[in-house]
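Here is a colleague's note to read beside the model, written as a few numbered points.

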Amino acid sequence: MFCFQCEQTARQDGQAGCASAKGVCGKDEVTADLQDLLIYQLKGLGELSQRLHQHGTPDQAADSFILYALFTTLTNVNFNRAVFTGLIAEAARLRDKLRATLEAAGEALQGLSAAAHFAPAAELTELLAQANIASVRAGLELVGEDVIGLRALILYGLKGVAAYAHHAEVLGEKREEIYAGIARALDFLAHDPADIPTLLEEALALGRLNLIVMEALDAANTGAFGMPTPTQVRTTPVAGKAILVSGHDLRDLHNILDATKGTGINVYTHGEMLPAHGYPRLHAYPHLAGNYGSAWQNQQQEFADFPGPIVMTSNCLIEPRAAYRNRIFTAGPVGWPGLRHIQHDDYAQVIQAAQAMPGFTQTAAEKTILVGFARETLLGAAETVIEAVKSGAIKHFFLIGGCDGAAPGRNYYTDFADHAPEDTVLLTLGCGKYRFNSHEFGNIGPLPRLLDVGQCNDSYSAIQIASALAGAFGCGVNDLPLTLVVSWFEQKAAAVLLTLLALGLRNVRLGPSLPAFLTPTLLNVLVETFGVQPITNAEADIAAALARAA
Ligand code: SF4
Ligand code: SF3
């Protein structure tokens, strides 16, 4: 096992990467090796799919499978080795199907990569013996650390892109250019590219593809559930039976709300599901009672304390404790050995579990949190915002976006928000905000100082807001009084970072630690070419950002 795809990867003696029997996230060696093999196969499958796209006869089942399978390998999504042996068998089946289709169409099949020819062993032991060829570091001695690092950046970015594309797809956004773009990227990786300028160009191409994917996801979410509007969300319980829904998938939340209509069960959001309350067609369910708990890394305590079942719809799952193991359900790409998985949107077992439990016995005093400042609301307030900037009432915007994690260095983002001067606006995005979003930040005129744009999935909204402000001020986004402070943890954040770079956004502050797969040479490229800056300490970074804008 060797995995260095996320921010919390093991870092010992100057060596980075989880390489023991179990990763920091809890992923075991067997699961990690099976994930590598699956990725290897997906490169081969992507290569064939790419040829079908070029031929004008794409295979929808294979394209959807690719998104889903890539998503299962994201950090904190699926830990169930049985799922991966199943996906490996399915990948081989689809590969053979695509090859047969191409042959039947008279397409020559020369030049296919080794990944496209890979025959997975039927037995687990033999399968694991094949895993070496699939390691993210395979070929290191031939191509060196920089090439391995750039391939990893592209692969991890691609996982994030696929996850966003899957979220959009389940709500009906199925765009040819997205499937074709993902197949193209896999085809690129299948041929073990080793030219650094070409790899860098591919990373930016992936960032551009991700912008299209995030636009599709925004269209999917707003099309299905309406434009988010400012909404007060209750953060204290009300008496009654309860279900907790965590992760990012709005469709799952919607289906759970529908399934529990009239049952008397209240539904609460957790973690990245908080912004769901801002969507009118989700908010309209009276039993969407509120938000419970905070960010993913606190789930073991929060889920144990929650008096009902929990449904995990996407990242970030961590090892379930015995206290709630029999009442946590997984959905979509998520999995953990022994947990019950929702099949065919059938929530009967979840409802039964909620009815069998006490729920909340008392209604607590009401506390709320404000969400729902996605692009339309903020653009609707553009005149107020522009006036406030012109009058000097707003000096600067800080977009604090991205993931949370368990490491102590993550207090940087709270410090940043708390130390930002009172004439600055804080835009938040992703799960990094839960450490500080209940703090009191006050208002600037009619505008709250902290405006939550939504999930990490809503990065498109933030990009639209920045572009619209740049348009209104007649300047480029880099000339706005705006600083992006990105906290990364997993591969969705890698995809968003590539998009920001592809859009030419400079001076992004990145932390809490830099990706382990980026070598000093690659980091230098990010710093020199894109002005990416590692975080230092909050007060110094705020001062530097304000000085640059002055
Ligand atoms: Fe380690 Fe992160 Fe990989 Fe888990 S996902 S094994 S924590 S690098
Ligand atoms: Fe968070 Fe996992 Fe990335 Fe959606 S829930 S931002 S870490």
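**Ligand shells and domains**

1. In this predicted model, the residues of the shell around ligand 1 fall into seven nonpolar, five polar and one charged. The shell around ligand 1 holds 13 residues, and the closest of them are Cys3, Cys6, Cys18, Cys25 and Thr75.

2. The protein is divided by its domain assignment into domain 1, which covers 11-224, domain 2, which covers 231-356, and domain 3, which covers 374-549. It may help to keep these bounds at hand for the points that follow.

3. Ligand 2 sits in the largest cavity, and the residues that surround ligand 2 are His248, Glu272, Trp296, Asn315, Cys316, Cys403, Cys431, Cys456, Phe489 and Glu490. Sorted by class, the shell around ligand 2 consists of six nonpolar, two polar and two charged residues.

4. Which domains supply the shell around ligand 2 with at least three residues each? Both domain 2 (231-356) and domain 3 (374-549) do so, and the next point therefore turns to how these two domains meet, given that the size of an interface is often stated as the accessible area lost when the parts come together.

5. Between domain 2 and domain 3 an area of about 1,200 Å² is buried, and carbon and sulfur atoms give 56% of that area. In terms of residues, 16 from domain 2 are in contact with 18 from domain 3, while the C-alpha centres of domain 2 and domain 3 lie 29 Å apart.

6. How many salt bridges does the rule find across the interface of domain 2 and domain 3? The count is zero for the interface of domain 2 and domain 3, where the rule asks for a side-chain nitrogen of Lys or Arg within 4 Å of a carboxyl oxygen of Asp or Glu.

Definitions and conventions. Residues numbered from 1 in each chain as written. Chains lettered and ligands numbered in written order. Predicted model: local features only at pLDDT ≥ 70, side-chain atom pairs only at ≥ 80, totals over all residues. Heavy atoms only, no water. Near = heavy atom within 4 Å. Nonpolar A, V, L, I, M, F, W, Y, C, P; charged D, E, K, R; others polar. 1 Å grid on protein atoms, 1.4 Å probe; cavity = no way out; pocket = protein on both sides within 12 Å on 5 of 7 lines; lining within 4 Å. Sits in = over half its atoms within 2 Å of the grid points. Domains from an automatic or database assignment. Contact = heavy atoms within 4.5 Å. Buried area = accessible area lost by both parts, 1.4 Å probe.
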